[in-house]
Amino acid sequence: MRIIENVVSDRGSRYAVSGGTVAGRDGAEAFVTDLTRIKKFAKATHNSWAVLIEQDGQRDPIRNDDGEAGAGAVILRMLEREGLVNHIVVVTRWYGGVKLGGDRFRHVTAAVRAYLAELG
């Protein structure tokens, strides 16, 4: 599990990004469960995630917005563009009390970019 904290801060909201390799839907759900065993991630407002599962030559896109409408789709599109399969990416947001509107999508994108850059 790789975690990058304090990727973006805006109007009190803070973002982190995490990820790692997974095997199937069960592996993705287990990854998120393990992440939220870390107290600060359990207390986060949103843990949005996506993964492209590849089995038997088929790609199965799975995403979860966790209340941050559209965030999972943003993460999934970026994974598809990169061709990154069997690797979950979770963007965590701690809400700071001010609605960010469309800026939240820019922040999700920035978090995923930071994660992908660290992967090399």
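1. A residue is called buried when its relative accessible area is under 20%, exposed when that area is over 50%, and partly exposed in between. On this scale Arg11, with a relative accessible area of 38%, is partly exposed because its value falls between the two limits. The structure under discussion is a predicted model, and the remarks below should be read accordingly.

2. Arg11 also deserves attention for its backbone. The residue is located in the loop that links strand 1 and strand 2. Its phi is near 50°, a positive value in a residue other than glycine.

3. Asp56 offers a second case of this kind. The residue sits in the loop between strand 3 and strand 4, and its phi is positive, about 55°, although Asp56 is not a glycine. Asp56 counts as exposed, because its relative accessibility of 81% is over 50%.

4. Positive phi values are also found at glycines that follow helices. Gly83, just after helix 3, has a positive phi of about 70°. Gly120 follows helix 4, and its phi is positive as well, near 90°.

5. Helix 1 comprises the 12 residues 24-35. At 1.5 Å a residue the expected span is 16 Å, and the end C-alpha atoms are 17 Å apart, which agrees. The buried residues of helix 1 are Gly24, Gly27, Ala28, Phe31, Val32 and Leu35. Viewed down the helix axis, these buried residues fall within an arc of 140°, so they line one face of helix 1. An α-helix has 3.6 residues a turn, so residues three or four places apart point the same way.

6. What do the buried residues of helix 1 pack against? Their partners are strand 1 (2-10), strand 2 (13-21), helix 2 (39-42), strand 3 (46-55) and strand 5 (87-94).

7. Helix 3 covers residues 71-82, 12 residues in total. From its first C-alpha to its last, helix 3 reaches 17 Å, close to the 16 Å expected at 1.5 Å a residue. Its buried residues are Ala71, Gly72, Ala73, Val74, Ile75, Leu76, Met78 and Leu79. These buried residues pack against strand 3, strand 4 (58-64), strand 5 and helix 4 (103-119).

8. Helix 4 has 17 residues, which at 1.5 Å a residue should span 24 Å; the end C-alpha atoms are 25 Å apart, in agreement with that expectation. The buried residues of helix 4 include Arg104 and His107. Val108, Thr109, Ala111, Val112, Tyr115 and Leu116 are likewise among the buried residues of helix 4. The buried residues of this helix pack against strand 1, strand 2, helix 3 and strand 5.

9. Ile4 connects strand 1 with residues far along the chain. The residue belongs to strand 1 and is buried, because its relative accessible area of 15% is under 20%. The C-alpha atoms of Ile4 and Tyr115 are separated by 7.2 Å, although the two residues are 111 residues apart along the chain. Not counting residues up to four places away in sequence, Ile4 touches Ala16, Val17, Ala114, Tyr115 and Glu118.

10. His46 is placed in strand 3. Is this histidine buried or exposed? His46 is buried, because its relative accessible area of 11% is under 20%. A polar atom of the His46 side chain lies 3.5 Å from the backbone nitrogen of Glu68. Leaving aside neighbours within four places in sequence, the contacts of His46 are Asp66, Gly67, Glu68, Val91, Thr92 and Arg93.

11. Thr92 lies in strand 5 and is buried, with a relative accessible area of 0%. Which side chain is joined to that of Thr92 by a polar contact of 2.6 Å? The partner is the side chain of Asn47. With residues up to four places away in sequence not counted, Thr92 touches Arg14, Tyr15, Ala16, Leu35, Phe41, Ala44, His46 and Asn47.

12. Two remarks concern the aromatic rings. Arg14 lies over the face of Trp94, at 4.8 Å from the ring centre. A search of the whole structure finds 1 aromatic pair.

Key
Residues are numbered from 1 along each chain as its sequence is written. This is a predicted model: local features need pLDDT of at least 70, side-chain atom pairs count only at pLDDT 80 or more; totals for chains, interfaces and linings use all residues. Side-chain values use heavy atoms; hydrogens and water are left out. Helices (H or I, at least four residues) and strands (E, at least two) are DSSP runs, numbered from the N terminus. The expected span of a helix is 1.5 Å times one less than its number of residues. Buried means under 20% relative accessible area, exposed over 50%, partly exposed in between (1.4 Å probe, protein chains only). The arc is that of the directions from the helix axis to the C-beta atoms. Contact means heavy atoms within 4.5 Å. A polar contact is a pair of N or O atoms within 3.5 Å; within protein, one must be able to donate a hydrogen and the other to accept it, and residues adjacent in sequence count only if both atoms are side-chain atoms. Rings of Phe, Tyr and Trp (its six-membered ring) pair if their centres lie within 6.5 Å; planes under 30 degrees apart count as stacked, over 60 as edge-to-face and the rest as tilted. A charge sits over a ring if NZ of Lys or CZ of Arg is within 6 Å of the ring centre and within 35 degrees of the ring normal.
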